[in-house]
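Take a look at the protein below and turn it around a few times. We'll start with a single residue, then move on to some helices and a pocket.

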Amino acid sequence: MTVISVLGLGAMGSRMATNLLRSGYTVNVWNRTAQAAEPFKTQGARVAGSVVDAVSGADVVIAMLRDDEASRAVWAQALPAMKAGSLAVESSTLSPDWVRELGQLAAQHAIELLEAPVSGSRPQAEAGQLVYLLGGSAEVVEKARPVLSVMGASAHHVGPLGSGALAKLATNSLLGIQVSAYAEIIGLLQRQGADVGKILQAMPGTSVWAPVAHYLSGSMMAGDFSPQFPVELIGKDFTYTLAAAGSAEQAPTVAAALGVFRRAEAQGYADENMTAVVKLFKP
């Protein structure tokens with residue numbers, strides 16, 4: 001029986017762990033705030049008191065953490081305690097430089113690393129419909145597919161370690177740019193006294209309308225900012241993207257969009273959904 005440990009039980013990690021349990025896997029869970037792990041006892045998981053306790057004896061260890069700093073701290077404890085030949089799956093949204101460094105650290109402990117960031121939010125995680133963007137060797141990708149298929153609808157191998165992080169940052173940057181653009185456009189239409197609803201109903205009939213625009217504009221118009229992808233997290237991802245680009249001059253659109261999200265954080269919207277940036281542009 002494959003034993004899987006899940007490190008990090010936030011909005012995404014908790015749903016991933018639940019899907020693994022529903023599929024019959026033996027699952028260990030750990031979270032920095034122990035209270036978040038308690039409900040998993042009733043689902044059949046073993047709640048570990050520490051990272052070392054969680055990963056000891058596990059065949060697969062999955063991490064879903066906030067950022068580079070959290071990832072570095074957790075893997076520093078996990079890797080020495082993992083058994084040789086086991087699989088480390090890093091699903092957090094991280095910088096490509098840290099992912100490559102993590103791969104070297106894992107190899108020193110005879111651990112195989114797969115970077116597996118995901119595209120999708122809470123509804124997709126709950127339904128097991130995440131899209132995986134995988135970085136690592138082809139052999140490790142194939143080894144992980146049975147486990148990933150429980151949590152995701154598709155898994156794309158995009159290259160060696162670091163490629164998954166780049167693919168995720170590119171995806172989130174495009175999303176964040178669109179969020180900023182729709183917020184500005186809605187604000188413009190409102191200031192002009194236009195019937196915003198009618199215009200937004202007409203735009204999907206044009207070639208420029210993206211599938212995600214229905215969700216983004218709908219959230220903005222309804223004023224529903226319950227967090228799916230919080231403002232502060234997409235701001236963090238923009239920061240990693242700019243670092244990968246080398247400078248703001250090499251990614252000026254990303255830099256401009258980051259400025260919008262930083263303004264939203266300063267206005268107190270950090271914990272709200274990314275679409276809350278529309279409040280910056282209301283008349």
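Leu113 sits in strand 6, which covers residues 112–115. Keep in mind that you're looking at a predicted model. Is Leu113 buried or exposed? Its relative accessibility is 7%, and since anything under 20% counts as buried, Leu113 is buried. So who's around it? Setting aside residues up to four places away in sequence, Leu113 touches Ala88, Glu90, Val99, Leu102, Gly103, Ala106, Val140 and Leu161. Take Val99 from that list: it is 14 residues away along the chain, and its C-alpha atom is 9.3 Å from that of Leu113.

Now hop over to Gln178, which belongs to helix 7. With a relative accessible area of 18%, Gln178 is buried too, because the cut-off is 20%. Beyond its neighbours within four places in sequence, Gln178 is in contact with Ala210, Val212 and Leu216.

Next, two helices side by side:

| Helix | Residues | End-to-end C-alpha distance | Expected span |
|---|---|---|---|
| Helix 3 | 14 residues | 20 Å | 20 Å |
| Helix 10 | 15 residues | 21 Å | 21 Å |

Helix 3 isn't perfectly straight, though: there's a kink of about 30° centred on Trp75. Trp75 is also one of the buried residues of helix 3, along with Asp68, Ser71, Val74, Ala78 and Leu79. Look at how those numbers are spaced and remember a handy rule: an α-helix has 3.6 residues a turn, so residues three or four places apart point the same way.

Helix 10 has its own buried set: Val231, Ile234, Gly235, Lys236, Asp237, Phe238, Tyr240, Thr241 and Leu242. What covers them? The cover includes helix 3, helix 7 and helix 11 (252–266). Right after helix 10 comes Gly246, with a positive phi near 105°.

Finally, the largest pocket, which holds about 1,300 Å³ of space. It is lined by 46 residues, and the closest to its centre are Ala11, Met12, Gln228, Phe229 and Leu233. Several elements give two or more residues to this lining, among them helix 1 (11–22), helix 3 and helix 10. Which helix gives the most? That's helix 7, with six residues. By class, the lining is made up of 23 nonpolar, 17 polar and six charged residues.

Methods:
Residues are numbered from 1 along each chain as its sequence is written. This is a predicted model: local features need pLDDT of at least 70, side-chain atom pairs count only at pLDDT 80 or more; totals for chains, interfaces and linings use all residues. Side-chain values use heavy atoms; hydrogens and water are left out. On a 1 Å grid over the protein atoms alone, a cavity is a set of points where a 1.4 Å probe fits but cannot get out, and a pocket is an open set with protein on both sides within 12 Å along at least five of seven lines; lining residues have an atom within 4 Å of a point. Grid points are joined across faces, edges and corners, and a volume is the space filled by probe spheres set on the points. Helices (H or I, at least four residues) and strands (E, at least two) are DSSP runs, numbered from the N terminus. Ala, Val, Leu, Ile, Met, Phe, Trp, Tyr, Cys and Pro count as nonpolar, Asp, Glu, Lys and Arg as charged, and the others, Gly among them, as polar. The expected span of a helix is 1.5 Å times one less than its number of residues. The bend at a residue is the angle between axes fitted to the seven residues ending there and the seven starting there. Buried means under 20% relative accessible area, exposed over 50%, partly exposed in between (1.4 Å probe, protein chains only). Contact means heavy atoms within 4.5 Å.
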